[in-house]
Amino acid sequence: MTRAVYPGSFDPVTLGHLDVITRGSRFFDEVIVGVLQNSAKSPLFSVEERVNILKETTKDLPNVKVCAFDGLSVNFARENQATVILRGLRAVTDFEYELQMAQTNHVVAPDVDTVFLTTRLEYAYLSSTIVKEVAFFGGDISKFLPPPALKAIQSKLQSKPMK
């Protein structure tokens, strides 16, 4: 059985993320989406909220599991007996960073490989940061997010003052 982890902050999960998760679930027996708890960042959603949004978003993908983690992705992979770290690439700038990370991870954990999936063209520009910026300024984000994430961000912004 080949198990992959797909680590990220997913704040919020976008249609680009969902594309990588869905396509990854066809290649691997199991995909574990790891929601990073990064104390250096101040996310819009708590790690618990992000996990719940992703669970709702991926509920129709039977071989996808979602859980929180902190620390190194390679350690998360090993803790879950995964031999693959799945990563999405949008552009050349992503590739440079992701290649460095993959090579570093390979030195740290030679038994864990990194597999890249290029994001579909219609999502190549999309990032959680851009989605949040559009949302904060009252723009329509419905074309960027799966329904559970859209509902969550709309609810969150109603309870927060605009910046």
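**View 1. The buried side of helix H2 in a predicted model.** Helix H2 spans residues 47-57, and its buried residues (under 20% relative accessible area, 1.4 Å probe, protein chains only) are Val 47, Arg 50, Val 51, Ile 53, Leu 54 and Thr 57. They sit on the same side of H2 because they cover an arc of only 165° around the axis, taken from the directions from the helix axis to the C-beta atoms. Their cover includes helix H1 (15-27), strand E2 (30-36), strand E3 (64-69) and helix H6 (147-159). Helices (H or I, at least four residues) and strands (E, at least two) are DSSP runs, numbered from the N terminus. This being a predicted model, local features need pLDDT of at least 70 and side-chain atom pairs pLDDT 80 or more, while totals for chains, interfaces and linings use all residues. Residues are numbered from 1 along each chain as its sequence is written, and side-chain values use heavy atoms, leaving out hydrogens and water.

**View 2. Lys 132 meets Asp 11.** These two form a salt bridge (a side-chain nitrogen of Lys or Arg within 4 Å of a carboxyl oxygen of Asp or Glu), with the closest N and O atoms 2.9 Å apart. Lys 132 belongs to helix H5 (residues 128-136) and Asp 11 to the loop between E1 and H1, so the pair ties together parts 121 residues apart in sequence. Both residues are buried.

**View 3. Helix H2 hooks up with helix H6.** Here Glu 49 forms a salt bridge with Lys 156, the closest N and O atoms being 3.0 Å apart. Glu 49 lies in H2 and Lys 156 in H6, so parts 107 residues apart in sequence are tied together. Lys 156 counts as buried, at 15% relative accessibility.

Methods:
Buried means under 20% relative accessible area, exposed over 50%, partly exposed in between (1.4 Å probe, protein chains only). Contact means heavy atoms within 4.5 Å.
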